[in-house]
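Me: I have a model open and some labels to check. Take me through the reasoning behind each one.

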Amino acid sequence: MKKNHQLLAVASMLVLLCCLLFPSSSTALLLLPLSTRQYYSASRSNCPQSKKVLTSLHATASSSSSSINEQQQQDPRTLIQKGMQSFRNGDISTSLQYFNKANDSVPNNKLTPYLWQRGISYYYLDMFQEGHEQFSLDVKVNPLDVEEIVWDIACLARMNNSNNNNNKDGRAEEMGVFPVENQMSLPKGKQDRRKIMSTVYSLFRNDGATEYDLRHAGHIDDNAATAAAAVGGGNSNISDEFYSLFYLGLYCEIRGEMSKAEMYMKMAQRSRYATGVGSGDYMSACARVHCQLRGWV
């Protein structure tokens, strides 16, 4: 119980900070890490407001502009939104340009460790060193988010694969070095609050979990999903199913097992979560864009 309270306290502080920096209820959580942002997605409109005197990133960026139009162009919140939309549209290069502009609009690199979206764009542009550097910074401010650690492992693995003459579309002629060296880890005794991520974490770090274990943890079975929905647990179940499929696809890709990677990622893209209640999840867009870039249609 104490551990849960501590995690919630950290998450709440992050939400409060984002609300102070970006007061719009629809975008206040843009900079939160993947896990925390998902946790609070159902209550964005209830984001608390504080009267404490803090210098927000938005105000800092806007104060250097000489006109309303220039302010809007330099608003990091707007730039991040445009970057995310460009990514959803499959324009990864443009998404990176917007994320870089957002980063440059805030002095002293204060925004840099919160731009996890940029790290994902780096991955899909085969800029694995830059992606590794981004996720390394992300984990420093959000050490309990398994997904940021996993994406860093993916970047490191693809860097190794690149040395083995990978093609641009992600196909590997040889399997890269796996598990990777110098991979990050959760703080000792800590874990991501999402149960499915414990198995994802173990699989990517080669800590004992297998491909089968992640499939099983995601309840990738129509009968199990139907039973869960009957007792009101359908949304949670299909979310686990999607994340299992997505990260199985990513896992197989970085290992050079492209046929299996294609199978899993296409299943994730077409899953009930990605096409239904989770269609607005940025990771649902990642699954779709991943398939488009690899030609898995």
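Me: Why is N103 called buried?
Reply: This is a predicted model, so the label rests on computed values. N103 has 7% relative accessibility. Buried means under 20%. The value falls under the cut-off, so N103 counts as buried.

Me: Where does N103 sit, and what does N103 touch?
Reply: N103 is in helix α6, residues 92-104. Leaving out residues up to four places away in sequence, N103 touches N109, L111, T112, L115 and R118. A touch here is heavy atoms within 4.5 Å.

Me: N109 is on that list. Is N109 buried or exposed?
Reply: Exposed. The relative accessible area of N109 is 52%. The label exposed needs over 50%, so N109 qualifies. N109 lies in the loop between α6 and α7.

Me: What makes the phi of N109 worth a remark?
Reply: Its sign. Phi of N109 is near 55°, a positive value in a residue other than glycine. Most residues other than glycine have a negative phi.

Me: Which residue just after α10 also takes a positive phi?
Reply: N206, with a phi of about 60°. N206 is found in the loop between α10 and α11.

Me: Why is N206 called partly exposed?
Reply: N206 has 47% relative accessibility. Buried needs under 20% and exposed needs over 50%. The value lies in between, so N206 counts as partly exposed.

Me: How do you know that helix α10 is largely enclosed by the rest of the structure?
Reply: By its buried residues. In α10, residues 195-204, 8 of the 10 residues are buried, so the helix is largely enclosed. The buried ones are I196, M197, T199, V200, Y201, S202, L203 and F204.

Me: What makes W116 and Y282 an aromatic pair, and why edge-to-face?
Reply: Take the distance, then the angle. The ring centres of W116 and Y282 are 5.5 Å apart. A pair needs centres within 6.5 Å, so W116 and Y282 pass. Their planes are 80° apart. Over 60 degrees counts as edge-to-face, so that is the label.

Me: Why say that this pair ties parts of the chain together?
Reply: W116 lies in helix α7 and Y282 in helix α16, so the pair ties together parts 166 residues apart in sequence. Both W116 and Y282 are buried.

Me: Why is the pair of Y243 and Y273 called tilted instead?
Reply: The Y243 and Y273 centres are 6.2 Å apart, with 50° between the planes. The distance is within 6.5 Å, so the two rings pair. Stacked needs under 30 degrees and edge-to-face over 60. The angle of 50° fits neither, so the pair is tilted. Y243 is in helix α13 and Y273 in helix α15, 30 residues apart. Both Y243 and Y273 are buried.

Me: How many aromatic pairs does the structure hold?
Reply: It holds 17.

Me: Which residues touch the most other members of the largest nonpolar core?
Reply: I120, W151, F246 and Y247, out of 63 residues in that core. Helix α13, residues 234-254, gives the largest share of the core, with 11 residues.

Me: What does F246 touch?
Reply: Residues up to four places away in sequence are not counted. Beyond them, F246 touches Y124, W151, M265, A268, M283, C286 and A287.

Me: A268 appears there. How do you know that A268 is buried?
Reply: Its relative accessible area is 0%. The cut-off is under 20%, so A268 is buried. A268 lies in helix α14, residues 258-269. With the same close neighbours in sequence left out, A268 touches F242, L245, F246, A274 and A287. The C-alpha atoms of A268 and Y247 are separated by 9.0 Å. A268 and Y247 are 21 residues apart along the chain.

Me: Why are C155 and C252 called buried?
Reply: C155 has a relative accessible area of 0%. C252 is at 0% too. Buried means under 20%, so the label fits C155 and C252.

Me: How many disulfides does a search of the whole structure find?
Reply: The search finds 0. A disulfide needs two cysteine sulfur atoms within 2.5 Å.

Me: What does the secondary structure of the protein come to?
Reply: It comes to 16 helices and 0 strands. Of the 297 residues, 51% are buried.

Note on methods
Residues are numbered from 1 along each chain as its sequence is written. This is a predicted model: local features need pLDDT of at least 70, side-chain atom pairs count only at pLDDT 80 or more; totals for chains, interfaces and linings use all residues. Side-chain values use heavy atoms; hydrogens and water are left out. Buried means under 20% relative accessible area, exposed over 50%, partly exposed in between (1.4 Å probe, protein chains only). A nonpolar core is a set of buried Ala, Val, Leu, Ile, Met, Phe, Trp, Tyr and Cys residues joined through side-chain atoms within 4.5 Å. Helices (H or I, at least four residues) and strands (E, at least two) are DSSP runs, numbered from the N terminus. Rings of Phe, Tyr and Trp (its six-membered ring) pair if their centres lie within 6.5 Å; planes under 30 degrees apart count as stacked, over 60 as edge-to-face and the rest as tilted.
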